[in-house]
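This report describes a few local features of a single protein chain, with attention to its surface, one of its pockets and its backbone geometry. Please keep the coordinates at hand while reading.

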Amino acid sequence: MTDSVAGGPSLPQERRLVTEIPGPASLERLDRKKAFVADGVGTTLPVFVVAAGGGVLVDVDGNSLIDLGSGIAVTTVGNAAPAVARNVHAQVDAFTHTCFMVTPYDGYVDVCEKLAQLTPGDHAKKTALFNSGAEAVENAVKIARVATGRDAVAVFDHAYHGRTNLTMAMTAKNMPYKNGFGPFAGEIYRAPMSYPLRDGLTGGQAAARAIDVLDKQVGAQNLACIVIEPILGEGGFVVPAPGFLPALAAWAKDNGIVFVADEIQSGFCRTGDWFASDHEGVVPDLVTAAKGIAGGLPLAAVTGRADLMDSVHVGGLGGTYGGNPIACAAALGAIEEMEGGRLTERAREIGAIMERRLSELRAVHDVIADVRGRGAMMAIELCKPGTTEPDAARTAAVAAYCHKNGVVVLTCGTWGNVFRFLPPLSISDELLDEAFDVVAEALTATM
Ligand code: PLZ
């Protein structure tokens with residue numbers, strides 16, 4: 001065991017490599033991981049972390065790495081962010097759990113009130129809290145089914161919604177999420193997503209194509225809900241063509257289908273708006289949120305039209321830990337950081353820097369087929385030059401170079417050929433620039 005080291009924004013904001021990555025102390029721990037942790041739980045970059053904050057992760061060997069992943073879009077306000085840490089400490093000292101379904105407490109209701117204000121639309125809204133993103137998605141489907149009396153659920157190509165049985169069925173990619181884990185839940189239907197690089201369609205055309213599939217293969221009258229990520233997360237940070245989401249939302253509305261925006265990865269300031277749906281003025285019936293909501297503590301939510309939320313019988317929604325008081329205290333701290341730190345604006349600034357750096361790289365590296373994203377949710381897709389044939393091998397090589405050189409980068413996409421850049425919004429411009437210098441070196445070194 002390692003003694004804890006103070007993290008948060010006061011950590012030196014620097015990339016500092018004192019050993020190979022991973023270093024000897026991490027390698028020793030990797031042996032213990034191998035002995036005691038199930039192999040099915042993989043690791044992208046096996047350095048063992050002892051402290052983190054601002055824009056860095058510090059490992060057990062004393063290396064300080066630049067974080068462009070935020071623990072998969074979670075530490076949007078930064079790691080050990082001051083208001084999160086303060087609220088968590090206070091809550092731990094007061095009480096750690098009662099189970100909201102047994103005896104309630106303010107933090108849960110406070111988070112629900114905040115979500116009613118922050119999610120798109122000014123209609124009457126209610127919320128139920130859960131532990132993980134997958135659990136939120138499952139509950140959104142449960143609510144939509146009860147509210148409509150229908151069974152069918154529409155999802156999209158490249159979608160990621162989780163690893164539980166229902167959400168595995170909703171997730172598109174077989175390896176590693178689904179392989180061998182069937183049989184999957186029924187009544188899940190997949191429609192084509194708007195993917196501008198690959199289909200060249202306008203938003204309206206792509207929506208018409210998806211609607212035609214759903215109308216002919218399922219029937220609008222059988223659909224309880226459409227569940228969609230407004231910007232794809234694991235599926236490749238694909239931003240649908242303008243007009244795609246509004247057209248789908250309008251069709252859902254006309255046909256009594258609940259429109260669910262899965263904002264688990266794209267929500268909470270990541271894209272430069274509170275939610276990605278805001279960008280095109282889409283007002284979903286239900287929104288699922290998790291990840292960035294609570295600065296690293298496990299919390300998830302379904303927020304939506306009060307009439308839909310209240311269609312479920314009393315006792316029909318819940319779970320032992322859903323809306324745990326410590327997680328709620330953390331969420332209130334994270335929201336305080338977002339509001340006080342004007343983090344939607346910061347996400348846009350970070351997005352502008354990343355877009356400039358990535359566009360410069362695209363001009364010299366013809367392996368970069370696409371630069372896309374919004375705010376602090378940017379990506380490049382790597383393809384064989386002049387084609388849209390995915391280049392996963394080059395992507396892996398560039399990632400390995402970045403990792404060895406102290407920059408935490410994440411890949412994604414159905415073909416594993418997309419780099420997604422999603423730094424904490426607490427990162428400095430200097431660190432961000434340094435990280436992209438390393439990405440540039442990596443692209444050159446792997447030519
Ligand atoms: N919906 C849009 O991005 C989680 C998954 C990492 P949980 N994405 C990261 C992995 O390999 O397990 C995610 C998401 C969207 C749902 C989820 C599921 O959220 O909190 O991981 O259950």
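## A nonpolar surface patch

In this predicted model, Phe-36, Val-37 and Val-41 together make a nonpolar surface patch of about 310 Å². One of these residues, Val-37, is found in the loop that runs between helix H1 (24-36) and strand E1 (49-53).

How exposed is Val-37? Its relative accessible area is 34%, and because partly exposed covers the range between 20% and 50%, Val-37 is placed in that class. Patch membership asks for a relative accessible area of over 30%, so the value of 34% for Val-37 meets that cut-off.

## The second largest pocket

The second largest pocket has a volume of about 500 Å³. Its lining counts 21 residues, of which Phe-100, Tyr-108, Thr-127, Ala-128 and Leu-317 are the closest to the centre of the pocket.

Which elements supply at least two residues each to the lining of this pocket? Helix H4 (106-118) and strand E4 (125-130) both do so, and the largest share, five residues, comes from E4. In terms of residue class, the lining of the second largest pocket divides into 12 nonpolar, seven polar and two charged residues.

## Cis peptide bonds

As background to the backbone features that follow, most residues other than glycine have a negative phi, and most peptide bonds are trans.

A cis peptide bond joins Ile-21 and Pro-22, with omega at about -5 degrees, and Pro-22 belongs to the segment before H1. Another cis peptide bond links Gly-182 to Pro-183, where omega is about 0 degrees; Pro-183 is found in the loop between helix H6 (165-170) and strand E6 (188-191).

## Positive phi outside glycine

Ala-80 has a phi near 50 degrees, a positive value in a residue other than glycine, and it is found in the loop between helix H2 (70-73) and helix H3 (82-94). Is Ala-80 buried or partly exposed? Its relative accessibility is 37%, and because this value falls between the 20% and 50% limits, Ala-80 counts as partly exposed.

Arg-342 likewise carries a positive phi as a residue other than glycine, here near 45 degrees. The loop in which Arg-342 lies is the one between helix H11 (325-340) and helix H12 (343-364).

Terms used:
Residues are numbered from 1 along each chain as its sequence is written. This is a predicted model: local features need pLDDT of at least 70, side-chain atom pairs count only at pLDDT 80 or more; totals for chains, interfaces and linings use all residues. Side-chain values use heavy atoms; hydrogens and water are left out. On a 1 Å grid over the protein atoms alone, a cavity is a set of points where a 1.4 Å probe fits but cannot get out, and a pocket is an open set with protein on both sides within 12 Å along at least five of seven lines; lining residues have an atom within 4 Å of a point. Grid points are joined across faces, edges and corners, and a volume is the space filled by probe spheres set on the points. Helices (H or I, at least four residues) and strands (E, at least two) are DSSP runs, numbered from the N terminus. Ala, Val, Leu, Ile, Met, Phe, Trp, Tyr, Cys and Pro count as nonpolar, Asp, Glu, Lys and Arg as charged, and the others, Gly among them, as polar. Patches are made of residues with over 30% relative accessible area and no salt bridge: like charges are joined within 9 Å, nonpolar side chains (Val, Leu, Ile, Met, Phe, Trp, Tyr) within 5 Å. Accessible areas come from the Shrake-Rupley method with a 1.4 Å probe; for residues, only the protein chains shown count as cover. A salt bridge is a side-chain nitrogen of Lys or Arg within 4 Å of a carboxyl oxygen of Asp or Glu. Buried means under 20% relative accessible area, exposed over 50%, partly exposed in between (1.4 Å probe, protein chains only).
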